[in-house]
Amino acid sequence: MAMAIGAGPAAASRPVGPVTIAFQATGTTLDQQAIRAAGPFSMTGPFSMTGSFADAGTVRADYRVAGRYLGATATVMGAHGIFTISMRGLLGPVIDGRQSAAGRWRLCGGTGAYRHARGSGLWDSVAELRPAPAGVTPPVMRGGFYGRLVRGRTARPPGSLGVPCAPGVR
């Protein structure tokens, strides 16, 4: 991985604005009892980001669940750099073998185009909880991050929305 080092981007090259990051991830069978017993679990898959920081690549999210509370760290690896997101949220009820979750996220660091970037927003997802039959693709989680990213000095940077950059559930 190469990192660009320079004197700083010109004012016109400082992206500021809303972004949407759509993702789809697969992982091991998502069974609620197994998740609570095993502790952390991970899912990996593709993402695409639209808005002022348009990019695409792979995302890996590591989750921890405590009751209805969920904490996670996502490493987003795109063509323009890598960044880490910290997430906190709540699990919804299981309906027809699917479970929704939603909460807040915060950008916690990055490289390339995401170096010196700050961001925060809301996220949501829906996960398949049924075990996959033998020979079938593992369960899928789909969702999105919605918010604002900025790089460089801005008059009004996004806040943290109360999400720490430390791992944990609460």
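User: How do you know that β2 and β3 pair, and in which sense?
Analyst: This is a predicted model, and in it β2 and β3 are joined over nine bridges in the antiparallel sense. Two strands count as paired when there are at least two bridges between them, so β2 and β3 qualify with nine. One of the contacts across the two strands is the bridge that G45 makes with V59 in β3.

User: What else lies beside G45 in space?
Analyst: Q24 does: its C-alpha atom is 5.5 Å from that of G45, although the two residues are 21 apart along the chain. Q24 belongs to strand β1. Leaving aside neighbours within four places in sequence, Q24 is in contact with T44, G45, P46, V140, M141 and R142.

User: Why is Q24 called partly exposed?
Analyst: The relative accessibility of Q24 is 34%. Buried is under 20% and exposed is over 50%, with partly exposed in between. Since 34% falls between those limits, Q24 is partly exposed.

User: What makes the fold a barrel, and how many strands does it have?
Analyst: Eight strands form a closed barrel in the order β1-β2-β3-β4-β5-β6-β7-β8, with antiparallel pairing. From one strand to the next, the twist averages 25 degrees. The secondary structure comes to one helix and eight strands, and from the N terminus the elements run β-α-β-β-β-β-β-β-β.

User: How do you know that β6 and β7 pair?
Analyst: Nine bridges join β6 and β7 in the antiparallel sense; at least two are required, so the two strands count as a pair. Within this pairing, G103 stands opposite W123 in β7. The hairpin of β6 and β7 has six residues between the strands, and there G112 takes a positive phi near 60 degrees.

User: How do you know that β7 and β8 pair as well?
Analyst: These two strands share 11 bridges in the antiparallel sense, and the requirement is at least two. L122 has Y146 in β8 as its bridge partner.

User: How many aromatic pairs are there, and why is the pair of F83 and Y114 called tilted?
Analyst: The structure holds four aromatic pairs. The ring centres of F83 and Y114 are 4.5 Å apart, and the planes meet at 50 degrees. Rings pair if their centres lie within 6.5 Å, so 4.5 Å qualifies. Planes under 30 degrees apart are stacked and planes over 60 are edge-to-face; 50 degrees is neither, so the pair of F83 and Y114 is tilted. F83 is in strand β5 and Y114 in the loop between β6 and β7, 31 residues apart.

User: Are F83 and Y114 buried or exposed, and what are the values?
Analyst: Both count as buried: F83 has a relative accessibility of 1%, and Y114 has 1%. The limit is under 20%.

User: What makes the pair of W105 and F145 edge-to-face?
Analyst: The planes of W105 and F145 are 85 degrees apart and the centres 6.1 Å. The distance is within 6.5 Å and the angle is over 60, so both conditions are met. W105 lies in strand β6 and F145 in strand β8, so the pair ties together parts 40 residues apart in sequence. Both residues are buried, and ring pairs link them with F23 into a cluster.

User: Which residues touch the most other members of the largest nonpolar core?
Analyst: M49, Y63, F83, I85, M87, W105 and F145 do, in a core of 30 residues. Each of the strands β1 to β8 supplies at least two residues of this core. In general, nonpolar side chains tend to be buried together in soluble globular proteins. As for M87, its contacts more than four places away in sequence include Y63, G71, W105 and F145.

User: Why does G71 count as buried?
Analyst: G71 has a relative accessible area of 2%, and buried means under 20%, so G71 is buried. G71 is found in strand β4. Its C-alpha atom is 4.6 Å from that of R88, 17 residues away in sequence.

User: What share of the protein counts as buried?
Analyst: Of its 170 residues, 38% do. The protein exposes about 9000 Å², of which carbon and sulfur atoms supply 58%.

How values were computed. Residues numbered from 1 in each chain as written. Predicted model: local features only at pLDDT ≥ 70, side-chain atom pairs only at ≥ 80, totals over all residues. Heavy atoms only, no water. Core = buried A, V, L, I, M, F, W, Y, C linked by side-chain atoms within 4.5 Å. Buried < 20%, exposed > 50% of the residue type's maximum accessible area, 1.4 Å probe, protein only. Helix = DSSP H or I, 4+ residues; strand = E, 2+ residues; numbered from the N terminus. Contact = heavy atoms within 4.5 Å. Phe/Tyr/Trp six-rings, centres within 6.5 Å; stacked < 30°, edge-to-face > 60°. Axes fitted to C-alpha atoms, helices over the stretch in contact; angles between N-to-C directions. Areas by Shrake-Rupley, 256 points an atom, 1.4 Å probe, with all protein chains shown as cover.
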